[in-house]
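Biologist: Please take one part of this model and examine it closely. I should like a connected account of the surroundings of the ligand and of the helix packing in the domain arrangement.

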Amino acid sequence: MQGYKVAVVGATGAVGKEMIKIVEQRNFPVREMRLVASERSKGKILKFCSEDIKVENLSEFSFKGIDFILSSPGASVSKEYVPRAVKEEAIVIDNTSAFRMEPDVPLVVPEVNPHAIQKHKGLIANPNCSTIQLVVVLKPIHMKARIKRIVVSTYQSASGAGTPAMNELKEQTESVLANAKQALPLPGKNVEVKALPSQIAFNVFPHIDIFLDNGYTKEEMKLVHETQKIMEDTSIRITATAVRVPVFIGHSESVNIETKKNLTPGEAREILSRAPGIIVVDDPVKNEYPTPINSAGTDEVFVGRIRQDESIENGLNLWIAADNLRKGAALNAVQIAEAIIG
Ligand SMILES: NC(=O)c1ccc[n+]([C@@H]2O[C@H](COP(=O)([O-])OP(=O)(O)OC[C@H]3O[C@@H](n4cnc5c(N)ncnc54)[C@H](OP(=O)(O)O)[C@@H]3O)[C@@H](O)[C@H]2O)c1
């Protein structure tokens, strides 16, 4: 029989559903597809290639005979089950933060460090969504001009925090508009805040994941450590601010870089337009620049607003947008599986 036995763990989630779609869209050779989530979803039906598949409960699931696991059930769940799956000889591609910084676990973006896949011992980590779109763009610039320092501010969509956060954005927006007494919907402070730490409708807040002792959030420090690991260069200095914005799908990033060698905006545009996985959209006079709306549902990382940082000798500013559920998560995982089967 041709093809691979694949299990999607976290299949009912925002990333898991996208994984099922992408495996189908890219014709990944599947002999058998198994869909796995928590006990809550046991028996639910999801579609894969027009086949109805019953969701199975992770705690009752045997990984014997499974070739690939595309995993996104949350870090604490992955920490618990992944060692068991690896022992049963499945190759796990894990989207959670559980193993990303383990020294013997490759952290891979296929356009950037595909060679790292070869070192895997049954487990490969998929980077954080905001890191993936950043390194896809910065790697070709680093190769040409050596990046010394990165200052990044993210504008991350609700879907980055999963299905409950997307529902919260919709419910709060509807509630604020329904209760608006003025022509313009003013703050609407009485909305219910559950899935996210602050009101997301008609608001932005600089808080993604937990706060750490150094005053940064864990999301911000993921950008620092994961970028250095994937770019294989711990000398790059990085500082980040991660912000949640009321967008459903698509993360954006304002990025300032300082390089060792001079690179003009024109040269950067030229390098990036030839690099894999990137589309340069940079004609501001025609209102053409990357936006999360235009990136949603696509596979590429979009970059524009490329311009000189006039405050330093060798600096550039860039604006990046990508679909966080696709290139930021599910697509990157499927690309890793494709690279393994060759
Ligand atoms: N969203 C993004 O842009 C993004 C990007 C990169 C990485 N990630 C990471 O991917 C993971 C999932 O994110 P998401 O956005 O898909 O979240 P989500 O929409 O909340 O989905 C969570 C999934 O995990 C499953 N799950 C939860 N507890 C479980 C358990 N005890 N056993 C088995 N399955 C369990 C859920 O199943 P039930 O439906 O049965 O509860 C659901 O399928 C997170 O670690 C996240 O950090 C997300």
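Modeller: The account below begins with the ligand, passes to the domains and ends with the packing of one helix. The model is predicted.

The ligand is surrounded by 30 residues, and the closest of them are Gly13, Ala37, Ser38, Ser41 and Gly162. Four helices each give two or more residues to this shell: H1 (14-25), H2 (75-87), H4 (163-178) and H8 (326-341). Of the elements, H1 gives the most, with 3 residues. By class, the shell holds 12 nonpolar, 17 polar and 1 charged residues.

The position of the ligand can be stated in terms of the domains. The protein is divided into domain 1, which covers 4-127 + 329-341, and domain 2, which covers 131-323. Both domains give residues to the shell around the ligand, so the ligand lies between them. The C-alpha centres of domain 1 and domain 2 are 25 Å apart. The two domains also touch each other directly: 13 residues of domain 1 are in contact with 18 residues of domain 2. On the domain 1 side of this contact there are 7 nonpolar, 4 polar and 2 charged residues.

The remaining part concerns helix H3, which spans residues 129-145 and packs against helix H5, residues 218-231. The angle between H3 and H5 is about 45°, and their axes are 10 Å apart. Because an angle of about 45° falls outside the ranges for roughly parallel, antiparallel and perpendicular, H3 and H5 are oblique to each other. Their crossing is right-handed. From H3, the residues Ser130, Thr131, Leu134, Val135, Lys139 and His142 take part, and they meet Lys222, Leu223, Glu226, Thr227, Ile230 and Met231 of H5. This contact of H3 with H5 comprises 5 nonpolar, 4 polar and 3 charged residues.

H3 also packs against helix H6, residues 265-274, at an angle of about 120° and with the axes 9 Å apart. H3 and H6 are therefore oblique to each other, and the crossing of H3 and H6 is right-handed. Here H3 contributes Val137, Pro140, Ile141 and Lys144, while H6 contributes Ala268, Ile271 and Leu272. In class terms, the contact of H3 with H6 has 6 nonpolar residues, no polar residues and 1 charged residue.

Conventions: Residues are numbered from 1 along each chain as its sequence is written. This is a predicted model: local features need pLDDT of at least 70, side-chain atom pairs count only at pLDDT 80 or more; totals for chains, interfaces and linings use all residues. Axes are lines fitted to C-alpha atoms, for helices over the stretch in contact, and angles run from 0 to 180 degrees between N-to-C directions. Angles under 35 degrees count as roughly parallel, over 145 as roughly antiparallel, 65 to 115 as roughly perpendicular and the rest as oblique. A crossing is left-handed if the near helix is turned anticlockwise from the far one by less than a right angle, and right-handed if clockwise. Two residues are in contact if their C-beta atoms, placed from the backbone, lie within 7 Å. Ala, Val, Leu, Ile, Met, Phe, Trp, Tyr, Cys and Pro count as nonpolar, Asp, Glu, Lys and Arg as charged, and the others, Gly among them, as polar. A residue is near a molecule or strand if its C-beta atom, placed from the backbone, lies within 6 Å of it. Domain bounds come from an automatic or database domain assignment.
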